[in-house]
Amino acid sequence: MSETTAAVTADSTPAAVVIAESATARGRRARIALRALQVLLALFYAIASALPKLIGHASAAESFERLGWGSAGMYTIGALELAGAIALLTPVLQSVAAMALGALMVGAFVVQISVFDGQYAATPVILIVPLTLIAWARREHNADLLRLLRRA
């Protein structure tokens with residue numbers, strides 16, 4: 001019998017101790033997985049989404065011209081995506097950033113359906129799922145953000 005098992009058996013509450021130990025390990029793995037998801041999404045938004053818009057890549061420019069938004073709209077959306085990517089990695093802004101990027105994805109979905117005949121409409125919908133998870137899981141940071149804003 002191991003020391004942990006002996007301690008649990010002697011304590012007379014083995015289930016509670018085992019559950020608490022596994023919940024802690026599970027919670028740590030969940031936090032690591034959530035953080036990895038945030039990093040991956042931040043990289044996606046910064047490199048794959050914002051960068052082509054901010055450097056005026058031909059494919060991005062063509063799409064925004066087709067929308068009638070021109071380069072100003074392209075740079076604005078690119079800047080919002082880059083700001084969201086950075087904010088996803090900033091602890092106090094994580095939840096708000098996920099909500100803002102989710103709102104941006106709702107707009108992207110509407111544009112894809114109405115202007116581009118739904119050609120890439122699945123992409124924003126797919127991105128909304130992990131963004132919603134991050135916004136919900138990191139919601140306790142909203143109180144920290146409110147406290148910071150009230151001090152200012």
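**A nonpolar patch, a helix and a core**

Reader: Which residues make the nonpolar surface patch of about 630 Å²?
Author: In this predicted model, the patch of about 630 Å² is made by V39, L40, L43, I47, L51, I55 and L89.

Reader: Where is V39 found?
Author: V39 lies in helix α2, which covers residues 14–54.

Reader: Is V39 buried or exposed?
Author: V39 is partly exposed, because its relative accessible area is 34%, and partly exposed means a value between 20% and 50%.

Reader: Turning to α4, how many residues does that helix have?
Author: Helix α4 has 19 residues, 70–88. From its first C-alpha to its last it reaches 27 Å, close to the 27 Å expected at 1.5 Å a residue.

Reader: And which residues in α4 are buried?
Author: The buried residues of α4 are G70, G73, M74, I77, G78, E81, G84, A85, A87 and L88.

Reader: What about the largest nonpolar core, how many residues has it?
Author: The largest nonpolar core has 23 residues, and those with the most contacts inside it are L41, Y45, L88 and L131. The elements giving two or more residues to this core are α2, α3 (58–67), α4, α5 (94–114) and α6 (122–137).

Reader: Which element gives the most to this core?
Author: Helix α5 gives the most, with six residues.

Reader: Which residues does the UniProt annotation "transmembrane region" cover?
Author: The unreviewed UniProt entry places that annotation on residues 36–55, 67–89, 96–115 and 121–137. In the model, residues 96–115 are 95% helix and 0% strand, with end C-alpha atoms 28 Å apart. Residues 121–137 are 94% helix and 0% strand, and their end C-alpha atoms are 26 Å apart.

Notes:
Residues numbered from 1 in each chain as written. Predicted model: local features only at pLDDT ≥ 70, side-chain atom pairs only at ≥ 80, totals over all residues. Heavy atoms only, no water. Patch = residues over 30% accessible without salt bridge, like charges linked within 9 Å, V, L, I, M, F, W, Y side chains within 5 Å. Areas by Shrake-Rupley, 256 points an atom, 1.4 Å probe, with all protein chains shown as cover. Salt bridge = Lys/Arg side-chain N within 4 Å of Asp/Glu carboxyl O. Helix = DSSP H or I, 4+ residues; strand = E, 2+ residues; numbered from the N terminus. Buried < 20%, exposed > 50% of the residue type's maximum accessible area, 1.4 Å probe, protein only. Expected span 1.5 Å × (residues − 1). UniProt positions renumbered as here; feature names shortened; annotations may be inferred. Core = buried A, V, L, I, M, F, W, Y, C linked by side-chain atoms within 4.5 Å.
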